[in-house]
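Hi everyone, thanks for coming. Have a look at the screen while I bring up today's structure.

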Number of protein chains: 2
Amino acid sequence: MTAMASEKTVERLSLYRRLLLRLRDDGADVVFSHQLCVPVGVTPAQVRRDIMQLGCSGVPHAGYKIKDLLAAIAEMLDAPQSQRAVLVGVGHLGLALLTHFSGRWRWLHVHAAFDVNPSKHGAIVRGCNCYGLDQLPRIVREWRVEVGVITVPMDAAQTVATMLCDAGVTGLLNFAPLRLQTPEHVYVENVDLTTSFEKVAYFARHPARLANNKNAERDAASEKDRADVPG
Amino acid sequence: MTAMASEKTVERLSLYRRLLLRLRDDGADVVFSHQLCVPVGVTPAQVRRDIMQLGCSGVPHAGYKIKDLLAAIAEMLDAPQSQRAVLVGVGHLGLALLTHFSGRWRWLHVHAAFDVNPSKHGAIVRGCNCYGLDQLPRIVREWRVEVGVITVPMDAAQTVATMLCDAGVTGLLNFAPLRLQTPEHVYVENVDLTTSFEKVAYFARHPARLANNKNAERDAASEKDRADVPG
DNA sequence: CAGAAATCGTTTATTGATTCACAATAGCGG
DNA sequence: CCGCTATTGTGAATCAATAAACGATTTCTG
């Protein structure tokens with residue numbers, strides 16, 4: 001229905017949602033753009049723009065209905081039926097992710113895990129079967145798995161990625177410190193913990209900030225988008 | 001020495017480094033921009049630009065000396081003496097990160113961990129002492145800790161962030177799904193695993209790609225930056 | 001009921017990052 | 001020794017994302 005959303009937009013929608021869920025649980029029914037902008041780190045204008053793209057409308061003095069927003073976000077982000085993912089590389093990080101993600105979504109399920117280490121084959125890790133890599137193509141194909149999570153060491157990452165793509169996944173969540181070479185139609189999201197850590201260390205040492213996202217704070221404080229320069 | 005690098009630049013430098021280390025271990029001495037661009041997902045021009053910012057120079061037909069590049073990157077990214085970090089929230093994710101990060105860098109050390117759960121106090125987790133949150137301000141101040149890693153649930157994240165900032169950290173690595181409110185001089189790097197997962201799920205369902213980074217692949221294939229249009 | 005105040009929807013600018021394009025340079029083969 | 005080719009360094013153009021600005025609209029208050 002709604003048009004294709006950009007990468008950044010999807011990120012923000014995901015944040016809006018968790019925020020809205022919390023507001024709803026606190027008993028709120030409606031919300032204003034300036035309430036959402038601060039915890040997401042953007043301006044009220046950006047929030048309104050995103051909501052517009054969702055197809056929702058608010059009323060000038062009464063804000064947006066939280067229920068409507070949540071429904072629209074769910075329609076945009078969640079798979080209509082059910083979507084399956086597999087995880088490759090059951091190390092410390094892989095295990096933590098399995099725990100973190102298992103049972104968290106109704107519409108997205110981590111269906112199987114894979115590892116080279118034979119001692120892990122056949123085990124059930126966090127309620128998720130663990131297989132050898134040789135089983136990967138078969139299982140991914142049979143279950144129409146769309147998403148692959150890669151938590152193997154750097155040297156193995158490209159090989160695993162190629163296997164997953166060949167088997168038909170169309171999205172990869174890559175934790176290896178490397179930009180994977182994949183077919184055009186496969187989306188890759190890179191999460192590089194080492195880079196993130198090194199980034200923080202670097203900027204922590206250089207308090208001469210480079211505009212961090214502090215503007216949102218200021219923007220939210222002033223009403224009317226700080227367009228108030230009637231002077 | 002060298003000027004302040006942008007966020008994106010630091011990310012790429014971190015990637016270049018791990019790539020260069022691998023090349024060096026494979027016995028290479030020199031490298032060309034088009035070798036680095038593919039695994040990092042940018043154009044050769046971007047690589048040259050980054051290297052220029054490092055203060056390194058190459059020679060037109062002979063490339064860059066790997067040793068020089070590694071030295072320059074280390075000088076830019078690594079702390080001259082030693083830098084300390086603490087981790088707050090010893091859950092599954094926190095544990096995995098401790099394991100992942102412990103002993104990985106000489107210049108950046110995870111000094112202590114904190115958790116609300118009293119059963120964890122006094123324990124040594126992955127060679128790292130675990131304390132109650134009440135100890136946090138004292139320890140951070142005494143050891144001049146500059147970096148805080150936040151792996152607590154969303155509801156506790158802002159409180160923890162404020163504690164850390166008040167105690168003097170200047171960099172935060174935030175795994176909670178929320179943009180933290182912090183003083184101007186504190187840098188925050190957000191890693192939101194849920195958002196990342198939802199992003200991949202969304203784009204995996206929409207193979208109508210939005211320019212992923214596939215251009216680098218193409219660029220590297222053609223020599224002379226595809227500026228070859230002598231026609 | 002009318003005027004004021006707040007909030008939305010949207011258009012226009014701005015910004016910053018990235019790619020393009022090409023002149024300058026150094027090695028290489030004949 | 002000389003032209004040829006590959007590669008670097010960088011100014012200009014492009015592009016996407018964001019913020020600013022402002023008219024339109026609706027509730028609130030006296």
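I'll start with how the two chains relate, then move on to the DNA.

Some housekeeping: this is a predicted model, where local features need pLDDT of at least 70, side-chain atom pairs count only at pLDDT 80 or more, and totals for chains, interfaces and linings use all residues. Residues are numbered from 1 along each chain as its sequence is written, chains are lettered from A and ligands numbered from 1 in the order in which they are written, and side-chain values use heavy atoms, leaving out hydrogens and water.

So, the two chains. Chain B lands on chain A after a rotation of 180 degrees with 0.0 Å of shift along the axis, at an RMSD of 0.0 Å (a least-squares fit on C-alpha atoms of residues with pLDDT of at least 70 in both). The copies are thus related as by a two-fold rotation axis. In chain B, the C-alpha of Ala96(B) is nearest that axis, 3.0 Å away.

Now the DNA. Around strand C there are 27 residues, each with a heavy atom within 4 Å of the strand. Among the closest are Arg48(A) and Tyr64(A). By type, the residues of this surface are eight nonpolar, 10 polar and nine charged (Ala, Val, Leu, Ile, Met, Phe, Trp, Tyr, Cys and Pro are nonpolar; Asp, Glu, Lys and Arg charged; the others, Gly among them, polar).

And what does Arg48(A) do there? One of its polar side-chain atoms lies 2.9 Å from a base nitrogen of strand C. From the other chain, a side-chain N or O atom of Arg49(B) is 3.1 Å from a base oxygen of strand C. Gly58(A) uses a polar backbone atom, 2.9 Å from a phosphate oxygen of strand C.

Conventions. Polar contact = N/O pair within 3.5 Å; in protein donor to acceptor, adjacent residues only side chain to side chain.
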